[in-house]
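Biologist: Could you walk me through this protein step by step, as you would with a first-year student? I will ask, and you can reason aloud.

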Amino acid sequence: AQKQELTLTVKAVQDIIEHDALTGLFNRRHMQILLQAEMDRCQRSGHRFCIALVDLDHFHDVNATFGYPTGDHVLRRFSEIARNSVRLTDWLARYGGEEFCLVMPDTDLATAARVAERLRAQVEAAEIHSIDRRPIALTVSIGVAAWPGASSGSDPDIDRLMVAADRALYAAKAQGRDRVVADKDTG
């Protein structure tokens with residue numbers, strides 16, 4: 001019995017180290033480790049993968065209008081919708097505040113854009129309410145990038161991939177938000 005308690009404690013500590021406490025998704029630090037492993041795997045196998053940076057549109061307005069407890073509820077609700085909208089092989093991490101990273105192994109850019117569009121549509125269609133039951137219209141902007149990309153060369157570089165996805169995310173926001181943009185330089 002004592003050994004089992006120790007195992008549970010180690011598992012609990014590992015969960016704390018790897019996951020975001022609010023959303024239950026992988027945290028940014030663990031995401032970096034997993035992304036590097038994915039790049040290494042793809043470099044050895046010659047496969048590709050894609051990432052999508054997902055930003056909750058006008059999230060600061062949610063906190064300002066409904067309060068931080070509702071903001072936390074919206075982040076948890078988004079995480080639930082996202083987990084149910086992606087494929088079993090895909091995984092998600094909380095990248096920062098209201099920004100998330102979706103990683104799609106063995107996926108080309110066109111397929112990744114379709115997966116991201118499905119996620120965008122599911123978020124837009126979801127019924128989300130504040131703590132006091134007022135409706136909240138939530139949308140997301142998504143930037144998608146592939147590795148290896150045209151400018152990647154032979155050297156795996158997480159930062160280069162993140163910059164490409166971020167560039168596409170900013171293009172989605174500049175085009176009016178609530179949309180998916182794929183970085184053509186990485187396709």
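Here follow questions and answers about the fold and a few of its residues.

Biologist: What kind of model is this, and how many helices and strands does the protein chain have?

Modeller: This is a predicted model. From the N terminus on, its elements run α-α-β-α-α-β-β-α-β-β-β-α-β. Counted up, the protein chain has six helices and seven strands.

Biologist: How does the radius of gyration of the protein chain compare with the globule rule?

Modeller: For 187 residues the globule rule gives 16 Å. The protein chain comes close to that, so it is as compact as a globular protein of that length. Its radius of gyration is 17 Å.

Biologist: What percentage of the contacts with a separation of 6 or more joins residues 24 or more positions apart?

Modeller: Let me begin with burial: 45% of the 187 residues in the protein chain are buried. As for the contacts you ask about, the share between residues 24 or more positions apart is 70%.

Biologist: Which strands stand at the edges of the open sheet?

Modeller: Five strands form this sheet, in the order β2-β3-β1-β6-β7, with mixed pairing. A strand at the edge has a single partner, so one side of it is left without a neighbour in the sheet. From one strand to the next, the twist averages 20°. The two edge strands are β2 (91-96) and β7 (180-182).

Biologist: In which sense do β6 and β7 run?

Modeller: In general, strands of a sheet pair through backbone hydrogen bonds, either parallel or antiparallel. On its other side β6 is joined to β1 by eight bridges, and that pair runs antiparallel. With β7, β6 shares three bridges, and here the strands run parallel.

Biologist: Which residue of β7 does I142 stand opposite?

Modeller: I142 belongs to β6, where it is the bridge partner of V54. Turning to β7, I142 stands opposite V180.

Biologist: Which residue of β3 is the bridge partner of D55?

Modeller: β1 covers residues 49-56 and β3 covers residues 99-105, and the two pair in the antiparallel sense over seven bridges. Within this pairing, the partner of D55 is E99.

Biologist: How many of the residues of β6 are buried?

Modeller: V140, I142, V144 and A146 point one way from the strand, and they are buried. S141, G143, A145 and W147 point the other way, and they are buried too. The number buried in β6 is therefore eight of eight.

Biologist: At about what angle to β1 does helix α4 run?

Modeller: Helix α4 spans residues 68-85. The strands it lies across are β1, β2, β3 and β6. Relative to β1, its angle is about 150°.

Biologist: Is D57 buried or exposed?

Modeller: D57 sits in the loop between β1 and α3. Beyond its sequence neighbours, it touches T139, V140, S141, K173, R177 and D178. A polar atom of its side chain also lies 3.4 Å from the backbone nitrogen of V140. Its relative accessibility is 4%, and the limit is 20%, so D57 counts as buried.

Biologist: And N63, with which residues is it in contact beyond four places in sequence?

Modeller: N63 lies in helix α3 (residues 59-66). Its relative accessible area is 15%, so it is buried. Leaving aside its neighbours within four places, its contacts are Y68 and G71.

Biologist: Which side chains make polar contacts with the side chain of D132?

Modeller: D132 is in the loop between β4 (128-129) and β5 (135-136), and at 48% relative accessibility it counts as partly exposed. One polar contact of its side chain is 2.3 Å, and another is 3.1 Å. The partners are S130 and R134.

Biologist: What is the phi of R133, a residue other than glycine?

Modeller: R133 is in the loop between β4 and β5, and it is exposed, with a relative accessible area of 59%. H58, also not a glycine, has a positive phi of about 55°. For R133 the value is positive as well, near 75°.

Biologist: Which peptide bond is cis, with omega near 0°?

Modeller: Look at P148, in the loop between β6 and α6 (158-174). The cis bond leads into this proline, from W147 to P148.

Methods: Residues are numbered from 1 along each chain as its sequence is written. This is a predicted model: local features need pLDDT of at least 70, side-chain atom pairs count only at pLDDT 80 or more; totals for chains, interfaces and linings use all residues. Side-chain values use heavy atoms; hydrogens and water are left out. Two strands pair if DSSP finds at least two bridges between them. Helices (H or I, at least four residues) and strands (E, at least two) are DSSP runs, numbered from the N terminus. Axes are lines fitted to C-alpha atoms, for helices over the stretch in contact, and angles run from 0 to 180 degrees between N-to-C directions. Contact means heavy atoms within 4.5 Å. Buried means under 20% relative accessible area, exposed over 50%, partly exposed in between (1.4 Å probe, protein chains only). A polar contact is a pair of N or O atoms within 3.5 Å; within protein, one must be able to donate a hydrogen and the other to accept it, and residues adjacent in sequence count only if both atoms are side-chain atoms. The radius of gyration is taken over C-alpha atoms; the globule rule is 2.2 Å times the number of residues to the power 0.38.
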